[in-house]
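Colleague: Let's go through this one together. Put it up on screen, please.

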Amino acid sequence: MQLVHDDLVQSRFSNTFARTVEMICPHCLKEAVFEARSWQEHGQQLAASELTCARCEDTVLFVQLLQADGTRKQAGLFCYPRPAGREPMAGVEHLQTLSAPLARSYESALKLYNRAEWGATALTVRHLLGGLASRMLAEDKRDLPLTRALESLPQEVDLSRPLQDIAQLLAPSGTFGRQFDDEAQIDKVTAELLLELVEQLLTYLVVLPGTMADLKSRIATAPVPLRRGSGAA
Ligand SMILES: [Zn+2]
């Protein structure tokens with residue numbers, strides 16, 4: 001079940017349940033309007049309806065969570081199967097903090113992708129990569145061509161910064177280290193922060209290199225005309 005954002009709901013019945021929803025159809029992969037005929041309540045907590053794609057006429061199951069008085073719960077609309085198309089990556093708010101224009105480029109790339117405009121998506125991604133590289137590089141290197149700029153990144157960006165200070169936190173006198181003396185006193189907040197810390201480290205040290213290696217091998221074996229001279233149309 002995938003949460004359906006409120007802004008995808010185009011019109012509602014008088015009881016405020018969704019009548020039409022616009023999203024990328026999981027069956028025909030096109031942006032389409034889905035229409036509900038009626039909603040049926042099941043028990044006290046939810047109502048369900050099958051909405052039909054106006055393009056391919058296939059259906060998607062929608063579930064609406066209810067409040068105690070039977071009205072719809074805010075942010076309580078879900079669907080199955082999930083719509084096609086991509087959601088913004090986790091942590092995209094940090095990109096917004098780094099640079100609002102870069103965040104807008106990323107948003108445009110996603111929108112174009114979700115409208116199946118592949119060429120425009122690729123050009124926007126290239127623009128985003130160029131903007132990101134130049135944002136991370138020192139002023140005198142910002143006009144480098146994209147390839148050179150990307151090659152310069154590992155020398156210019158302090159990749160060890162996320163790992164600094166972690167040893168201090170865990171040292172016997174550090175924020176976490178001190179607490180290990182009395183395990184019974186460790187509360188949920190501390191356990192949660194520690195778990196998050198190790199998850200971030202795993203992401204950086206293990207997941208990122210692993211997923212990059214997978215991605216590169218998928219690019220190398222892609223059947224699409226990514227490879228120059230493949231002759232594919
Ligand atoms: Zn469809």
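Modeller: First, a term: two strands count as paired if DSSP finds at least two bridges between them. Strands (E, at least two residues) and helices (H or I, at least four) are DSSP runs, numbered from the N terminus. This is a predicted model, where local features need pLDDT of at least 70, side-chain atom pairs count only at pLDDT 80 or more, and totals for chains, interfaces and linings use all residues. Residues are numbered from 1 along each chain as its sequence is written.

Colleague: OK, which residue in E6 is the bridge partner of Glu-35?

Modeller: Strand E4 covers residues 31-35, and E6 covers 46-53. The two run antiparallel and share two bridges. Glu-35's partner in E6 is Thr-52.

Colleague: And what stands opposite Phe-34?

Modeller: Look at E3 (residues 18-24), which is antiparallel to E4 and joined to it by five bridges. Opposite Phe-34 stands Val-21.

Colleague: Which side chains of E4 point to the buried face?

Modeller: Buried means 20 or more other C-beta atoms within 10 Å of the residue's own; 12 or fewer is exposed, and in between is partly exposed, with C-beta atoms placed from the backbone. Side chains alternate along E4, and Glu-31, Val-33 and Glu-35 point to the face that isn't buried. On the other face, the buried ones are Ala-32 and Phe-34.

Colleague: How far apart are the end C-alpha atoms of H3?

Modeller: H3 (residues 118-136) has 19 residues. The expected span is 1.5 Å times one less than that number, so H3 should span 27 Å. The model agrees, with its end C-alpha atoms apart by 27 Å.
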